[in-house]
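Work through the following exercises with the sequence and the coordinates open beside you. Each task is followed by a solution that proceeds step by step.

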Amino acid sequence: MVSTRTTKDVPSWQPLKAVARSFSPYWIACIPLAAIITIVLNKAVVAQDVEVDIFALTEATPEAIIQLQGTLNAIWVLIAAILVIFMNAGFGMLETGFCRHKNAVNILAKNLIVFALATLAYWALGYSLMFGGPENPIIGFGGWFLSGEPATYGLDPFPIGLPVSVAFLFQAAFAGTAATIVSGAVAERIKFTDFLIFSLLLVGISYPITGHWVWSGGWLGSLGFSDFAGSTVVHSVGGWAALMGAAILGPRMGKYVDGRPQAIPGHNMSIATLGCLILWIGWFGFNPGSQLAADSAVPYIAVTTNLAAAAGGVAATFVAWAKDGKPDLSMIINGILAGLVGITAGCNGVSYWGAVIIGAVAGVIVVYSVSFIDSVLKIDDPVGAISVHLVNGMWGTLAVGLFNTESGLFYGGGIGQLINQIIGIVAIGAFTVAFSAIVWTVLKATMGIRVSAEEELNGLDIGEHGMEAYHGFVKEPDGFGGAGSHSINDDIPTGAGM
């Protein structure tokens, strides 16, 4: 049959379809992509022209440069403060994972509420005791409830200095960290109320006083003691308080049998590992943020921090492997944290090689410190907080006197810096030990700091909070008394059918 269709009958889109068939789908996909690239390049050229105009303007107005730098400083410190606050999530995950399921709610509740209480205590009292009256070498004073002018807290007016609000938030995050360190060492047997009272006193009084000595014109800072981001000011203070609390509180039931320590495994190493990674990330606010400015030193500090963490994790892994015959995940975690604590004091003034050495030594120290505290001192620390924060806080502070590229002993700076570091460690340690011992002893004598044996066996989640973290899930027994384990079957009356 002969077709009667003519050229006029061919749809107008047919030629376009024929052309399209000659190109692969990949070429066709490039058409909108090319359009997007063209638009972006055009916008970039326009933005470049604007950028040139802005810099031309700022060159003509130094005040604008100062305002811009001040704003950048404030924004960076605000971001750093948020990172440090987020570390509370890391502490919560880490401690919960290292402890037993029956105490998970208790540990999470402590870590959450303690930062809220620490913020209020530091706002009302602590910030003024720490930064108020910078001319006083012993204790700060004035500007209670954040009511003072910048000069009250030793700050220059904005934009030369940070706004009071930003400076406070950053320091409040540090104060909360000091209290949170204590939580892990006294976990699984302390009364909730007593822990909150101690945390309020630590953040409101003890921590600010020793912090004033170093960071706010106090006598240790004037002497030459150096602790850039808080190996001693934050971590050792929390570690000393944790040591006294764990010693006075006593070990968990079943921890020591005939004087020999027994392993009490944590219930969830997955969230413990997540907690470690959150803390690692948060430390990029902790250390670089302590520069208190957005300048070229920030990335350098970030790199030394990361190198020390990596070296600590690797060193702890292989030392524990050689010592115990296996690569222990808990030691990998604590090795990373030990490296982070160790570099905190000197992260701004050590070389990259110095950071690696400091971190590696911290990783070795933490492995043997955990065993020493557990087996020799017989102090029950469920998460290794004392070894990580106290022992390596001291090591990191000493390391400044050895590895600082300007004043360190290994760089021709003499022994003076190292002596100043030792004086600071001893002074702050003695004050914190005395304060903590008094508070823990008074609480023990008046309120009793330990839960009952029945509550400890059943778990603090039920005894202290009346709830479970894993309600409805079958849970393995922890091996320390039948009352310590609980499952959904326990809620079924005897004789009930399945």
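## Exercise 1: the largest pocket

In this predicted model, 30 residues line the largest pocket, and those lying nearest its centre are Lys255, Ser330, Met331, Val370 and Asp374. Determine which elements give two or more residues to this lining, which of them supplies the largest share, and how the lining divides by class.

**Solution.** Begin with the elements: α10 (297–324), α11 and α12 (352–376) are those that give two or more residues to the lining of the largest pocket. Next, rank the contributions, which shows that the largest share, six residues, comes from α12. Then sort the lining by class, which yields 13 nonpolar, eight polar and nine charged residues. Finally, compute the space in the largest pocket, which comes to about 730 Å³.

## Exercise 2: the second largest pocket

Find the volume of the second largest pocket, and describe its lining by residue, by element and by class.

**Solution.** The volume of the second largest pocket is about 410 Å³. Its lining consists of 22 residues, with Phe131, Leu155, Leu162, Gln171 and Leu292 closest to the centre. At the level of elements, α3 (62–98), α4 (104–131) and α5 each supply at least two lining residues, and α5 gives the most, with four residues. Sorting this lining by class gives 14 nonpolar residues, seven polar residues and one charged residue.

## Exercise 3: the largest nonpolar core

Identify the residues of the largest nonpolar core that touch the most other members, and then list the contacts of Trp440, leaving out residues up to four places away in sequence.

**Solution.** The core has 110 residues, and those touching the most other members are Tyr122, Tyr207, Leu337, Ile386 and Trp440. Helix α5 (residues 164–185) gives the most to this core, contributing 14 residues. For Trp440, once residues up to four places away in sequence are set aside, the contacts are Val182, Ile190, Phe198, Ala241, Met244, Gly245, Ile248 and Ile449. As general background, nonpolar side chains in soluble globular proteins tend to be buried together.

## Exercise 4: the surroundings of Thr344

Is Thr344 buried or exposed, and what does its side chain reach?

**Solution.** First locate Thr344, which belongs to helix α11 (residues 329–344). Its relative accessible area is 0%, and because buried means under 20%, Thr344 is buried. The side chain of Thr344 reaches the backbone oxygen of Leu340 at 2.6 Å. Lastly, not counting residues up to four places away in sequence, Thr344 touches Phe228, Ala229, Gly230, Ser231, His235, Trp283, Phe286 and Asn287.

Key. Residues are numbered from 1 along each chain as its sequence is written. This is a predicted model: local features need pLDDT of at least 70, side-chain atom pairs count only at pLDDT 80 or more; totals for chains, interfaces and linings use all residues. Side-chain values use heavy atoms; hydrogens and water are left out. A nonpolar core is a set of buried Ala, Val, Leu, Ile, Met, Phe, Trp, Tyr and Cys residues joined through side-chain atoms within 4.5 Å. Buried means under 20% relative accessible area, exposed over 50%, partly exposed in between (1.4 Å probe, protein chains only). Contact means heavy atoms within 4.5 Å. A polar contact is a pair of N or O atoms within 3.5 Å; within protein, one must be able to donate a hydrogen and the other to accept it, and residues adjacent in sequence count only if both atoms are side-chain atoms. On a 1 Å grid over the protein atoms alone, a cavity is a set of points where a 1.4 Å probe fits but cannot get out, and a pocket is an open set with protein on both sides within 12 Å along at least five of seven lines; lining residues have an atom within 4 Å of a point. Grid points are joined across faces, edges and corners, and a volume is the space filled by probe spheres set on the points. Ala, Val, Leu, Ile, Met, Phe, Trp, Tyr, Cys and Pro count as nonpolar, Asp, Glu, Lys and Arg as charged, and the others, Gly among them, as polar.
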